[in-house]
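Q: I am new to this structure and would like a close look at its interior spaces and at the surroundings of its ligand. Please take me through them slowly, in one connected account.

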Amino acid sequence: MAKQKPGPMQTIVSLCKRRGFVYPASEIYGGIGNTYDYGPLGVELLRRVKDAWWNRTVTAREDVVGLDSAIIQNPQTWVTSGHVGGFSDPMVDCKLCKSRFRADKLEDAKCPEKPSKRPGECAGELTEPREFNLMFKTNLGAVESSSSVAYLRPETAQGIFLNFKNVLESSRLKPPFGIAQIGKSFRNEITPGNFVFRTREFEQAEMEFFVPPAEEAQWYDFWRTERFNWYTELGIRSEKLRMREHEASELAHYSTATADIEYEYPFGWGELEGVACRTDFDLKRHSEASGTDLVYFDPQTKEHYTPYVIEPAGGINRMALTFLIDAYEEEQLEKDTRAVLRFHPEIAPITCAVFPLVKKEGMPEKAKEIEASLRRARMSTFYDEKAAIGKRYRRQDEVGTPYCVTVDGDTLADDVVTVRERDSMAQEKVKVSELQTYLFEKMGSWSRPS
Ligand code: ATP
């Protein structure tokens, strides 16, 4: 039988495992359904994504500050926010094979017993949908009782609302201002899947932007555009992205308007990030339930009001997956095909690889010296002296390294290295003394070849 070409998702999954981006978790024990660990390159990719998000959302702005709140909060938090009562997905069971599916995603689901079939397509009858709460429960302290029940947070946002007053009083900000947070969230998803797209443990990047109620529409516009542009400026192809406004029937109970930034994944269009108008729902509810006044007093206008909230909320792992999928290309060359990840240099796990052309004549020593100087400049580097130079270039193309620096005879004679660019494969001679400036300039002016 002819060897079948793997589908685009399988290609990404196998590249991730082979090159150290993502491994199945607990693999030596047979795994633990749809849970993943990030390897050396994956962890660098996640860090780049988080840094890019933080730099853009917090560091570059004078009106947003950061927070790192606890994963386990007072359980009343989740009663007040509505998660205990209503954070659920509708679930159906197959009466024949006992598999469980999300009732609202049946069209995307595959039966684990008969992967060629959709639920209900076999002889198995499905039960009526019933609600399944997605929060993970745990117990605090040594006694397991109903009074010790606590929850792992299903979103980072509530930790921000609980600290609204603390931040306001300690930071001297006034609306409009935002509080941003990156951290782990946990959801006992009925059907995790599509690799790291939907998992039960994941990292979120959320920002609650508190505004005077009259400015809600203007800031909703602003954050939708800002978040969309962040993706395209980091190299995601705009034709693969779209903004989808929620229908009134889809809106969460706290929201008056929500838009999803969607990406066209190999398995279809899916939510990458949501931007929601959360009104004053959360602050008012926490105010009432806790007895702590979360109203803002504007000393200039002498007005008291509960700010409205605009929330951009994305998943770091889903963003990283999207950058991977979007960057991946198989380029047809004269003699063969090369696999290349066209990461933006800000996102690439390795910025610059350094090679000696051959393993002799003092080239390895010189290459290591150059690599060390780039490391000191906080550039992420990789040293490789094994295999033919062409092969080494290809290995770096496949993990998305934008620049390779080769030390050759010219380096020893004239202190000149060869810089090879990933996208064009063009090579240029650069003086060692000018290498750092050259690379930083290249990184700053990068654009994706069309
Ligand atoms: P979905 O409809 O896909 O279940 P959601 O609308 O419940 O997602 P939000 O609560 O808006 O998601 O969460 C914000 C972001 O967090 C999502 O846009 C996504 O990027 C990420 N996210 C949510 N659930 C998961 C998950 N199970 N695994 C990975 N990322 C997730």
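A: In this predicted model, a good place to begin is the second largest pocket, whose lining is made up of 15 residues, with Arg48, Asp51, Glu346, Thr351 and Arg378 lying nearest its centre. The volume of this second largest pocket is about 270 Å³. Two elements, H2 and helix H13 (435-444), each give two or more residues to the lining of the second largest pocket, and H2 provides the largest share of that lining, namely six residues. Sorted by class, the lining of the second largest pocket holds six nonpolar, three polar and six charged residues. Because domain 1 (8-72 + 157-324) and domain 2 (350-444) both give residues to this lining, the second largest pocket lies between the two domains.

From this open space one can turn to the enclosed ones, of which there are two cavities of 30 Å³ or more. The largest cavity holds about 60 Å³ of space, and its lining consists of Phe21, Val22, Tyr38, Gly42, Leu45, Phe195, Val196, Asn317, Ala320, Leu321 and Leu324. Here helix H2 (40-59) appears again, for H2 and helix H9 (316-327) are the elements that give two or more residues to the lining of the largest cavity. The largest share of that lining, four residues, comes from H9. In class, the residues that line the largest cavity are nine nonpolar and two polar, with no charged residue among them.

The second largest cavity holds about 50 Å³ of space, and it is lined by Leu234, Gly235, Ile236, Phe323, Asp326, Ala327, Arg342, Phe343, His344, Ile347 and Arg448. By class, the lining of this second largest cavity divides into six nonpolar, two polar and three charged residues, whereas the lining of the largest cavity has no charged residues.

The ligand has surroundings of its own, which can be read in a similar way. A shell of 16 residues surrounds the ligand, and the closest of them are Glu189, Arg198, Thr199, Glu271 and Gly315. Gly315 also offers a polar backbone atom that is 2.9 Å from an oxygen atom of the ligand, and a polar backbone atom of Leu272 is likewise 2.9 Å from an oxygen atom of the ligand. In the case of Arg318, a polar side-chain atom lies 3.5 Å from an oxygen atom of the ligand. On its own the ligand has 590 Å² of accessible area, and the protein covers 83% of this. Strand E10 (201-211), strand E13 (268-279) and strand E16 (308-315) are the elements that give two or more residues to the shell around the ligand, and the largest share of that shell, four residues, comes from E13. By class, the shell around the ligand has four nonpolar, five polar and seven charged residues.

Two details of the backbone complete this close look. Most residues other than glycine have a negative phi, and most peptide bonds are trans. Against that background, the bond that joins Pro175 and Pro176 is a cis peptide bond, with an omega of about 0 degrees, and Pro176 is found in the loop between helix H6 (164-171) and strand E9 (177-186). The other detail concerns Asn194, which is not a glycine and yet has a positive phi of about 55 degrees; Asn194 is found in the loop between E9 and E10.

Notes:
Residues are numbered from 1 along each chain as its sequence is written. This is a predicted model: local features need pLDDT of at least 70, side-chain atom pairs count only at pLDDT 80 or more; totals for chains, interfaces and linings use all residues. Side-chain values use heavy atoms; hydrogens and water are left out. On a 1 Å grid over the protein atoms alone, a cavity is a set of points where a 1.4 Å probe fits but cannot get out, and a pocket is an open set with protein on both sides within 12 Å along at least five of seven lines; lining residues have an atom within 4 Å of a point. Grid points are joined across faces, edges and corners, and a volume is the space filled by probe spheres set on the points. Ala, Val, Leu, Ile, Met, Phe, Trp, Tyr, Cys and Pro count as nonpolar, Asp, Glu, Lys and Arg as charged, and the others, Gly among them, as polar. Domain bounds come from an automatic or database domain assignment. A residue is near a molecule or strand if one of its heavy atoms lies within 4 Å of it. A polar contact is a pair of N or O atoms within 3.5 Å; within protein, one must be able to donate a hydrogen and the other to accept it, and residues adjacent in sequence count only if both atoms are side-chain atoms. Accessible areas come from the Shrake-Rupley method with a 1.4 Å probe; for residues, only the protein chains shown count as cover.
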